[in-house]
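Welcome! Please take a moment to look at the sequence and the 3D structure below, and then we can walk through them together.

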Amino acid sequence: MARKIKNKELTNTRLAANYGGWVYCSGCNENIGYLCYATYDSIDFRYKCACKSEGHLYIDFDDSVQGTNSNNELTVIKNRLCCSADSQPLITVLDKKLDNYELNITCKACGSIYKKTKKE
């Protein structure tokens with residue numbers, strides 16, 4: 001069942017589908033990651049692409065719940081950033097295409113809020 005989006009803000013960013021799939025920088029039209037449809041509850045992702053374009057992606061849903069900050073790191077499985085509690089894939093970020101980023105993503109299953117940054 002499709003979820004109803006409450007907030008969706010895209011700045012210099014394009015998604016392949018309504019609230020997931022491939023993530024593209026609008027400055028260079030390069031693929032910068034993949035957002036898993038069914039496993040995240042909210043996302044706030046700010047980045048500076050290698051093309052120097054700055055982008056932002058923010059999405060939450062009508063049924064999103066207030067998460068709790070996790071002290072755990074996201075688990076990396078292959079190239080996916082996954083929930084450390086249940087190993088569900090949340091997002092893939094193509095680091096080599098981004099100069100820096102700040103990611104806050106909430107797992108739909110357990111409500112953990114994960115933070116990850118890459119500095120120039």
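In this predicted model, let us begin with the empty space. The largest pocket has a volume of about 250 Å³. Its lining is made up of 15 residues, and those that lie nearest the centre are Ser42, Tyr58, Asp60, Val65 and Thr106. Three elements each give two or more residues to this lining: β5 (40–49), β6 (54–61) and β11 (98–107). If you sort the lining of the largest pocket by character, you find five nonpolar, six polar and four charged residues.

From the pocket, turn to the strands. Six of them form an open sheet, and following it across gives the order β2-β3-β4-β10-β9-β8, with antiparallel pairing. At the edges sit β2 (13–15) and β8 (75–77), each of which pairs on one side only. Going from one strand to the next, the twist averages 25°. Inside this sheet you can pick out β9 (residues 80–82) and β10 (residues 89–93), an antiparallel pair joined by two bridges. Look here for Leu81, which stands opposite Ile91 in β10.

Another set of pairings involves strand β12. Which way do β11 and β12 run relative to each other, parallel or antiparallel? They run antiparallel, and six bridges join them. One place to see this is Leu103, whose bridge partner in β12 is Lys116. The hairpin of β11 and β12 has four residues between the strands, and in this hairpin Gly111 takes a positive phi near 80°. Strand β12 (residues 112–118) is also joined by two bridges to β7 (residues 68–69), and these two strands run parallel. There, Thr68 has Ser112 in β12 as its bridge partner.

While you are at β11, find Glu102, which lies in this strand. Glu102 has a relative accessible area of 46%, so it is partly exposed, since that class covers the values between 20% and 50%. Now trace the way from Glu102 to Lys48: the two are 54 residues apart in sequence, yet their C-alpha atoms are 9.4 Å apart in space.

Finally, let us look at the aromatic rings. The model has six aromatic pairs, counting rings whose centres lie within 6.5 Å. One of them is formed by Tyr19 and Tyr37, with 6.3 Å centre to centre and 75° between the planes, an edge-to-face arrangement. Tyr19 lies in the loop between β2 and β3 (21–25), and Tyr37 in the loop between β4 (31–35) and β5, so this pair ties together parts that are 18 residues apart in sequence. How accessible are the two partners? Tyr19 counts as buried because its relative accessibility is 13%, under the 20% limit. Tyr37, at 35% relative accessibility, counts as partly exposed.

Tyr19 also pairs with Phe61: the ring centres are 5.1 Å apart and the planes stand at 80°, so this pair is edge-to-face, as planes over 60 degrees apart are classed that way. The Tyr19 and Phe61 pair links distant parts of the chain, with Tyr19 in the loop between β2 and β3 and Phe61 in strand β6, 42 residues apart. Both Tyr19 and Phe61 are buried. To put the rings together, look for Tyr19, Tyr37, Tyr40 and Phe61, which form one aromatic cluster.

Conventions
Residues numbered from 1 in each chain as written. Predicted model: local features only at pLDDT ≥ 70, side-chain atom pairs only at ≥ 80, totals over all residues. Heavy atoms only, no water. 1 Å grid on protein atoms, 1.4 Å probe; cavity = no way out; pocket = protein on both sides within 12 Å on 5 of 7 lines; lining within 4 Å. Points joined across faces, edges and corners; volume = space filled by probe spheres on them. Nonpolar A, V, L, I, M, F, W, Y, C, P; charged D, E, K, R; others polar. Pairing = 2+ DSSP bridges. Axes fitted to C-alpha atoms, helices over the stretch in contact; angles between N-to-C directions. Phe/Tyr/Trp six-rings, centres within 6.5 Å; stacked < 30°, edge-to-face > 60°. Buried < 20%, exposed > 50% of the residue type's maximum accessible area, 1.4 Å probe, protein only.
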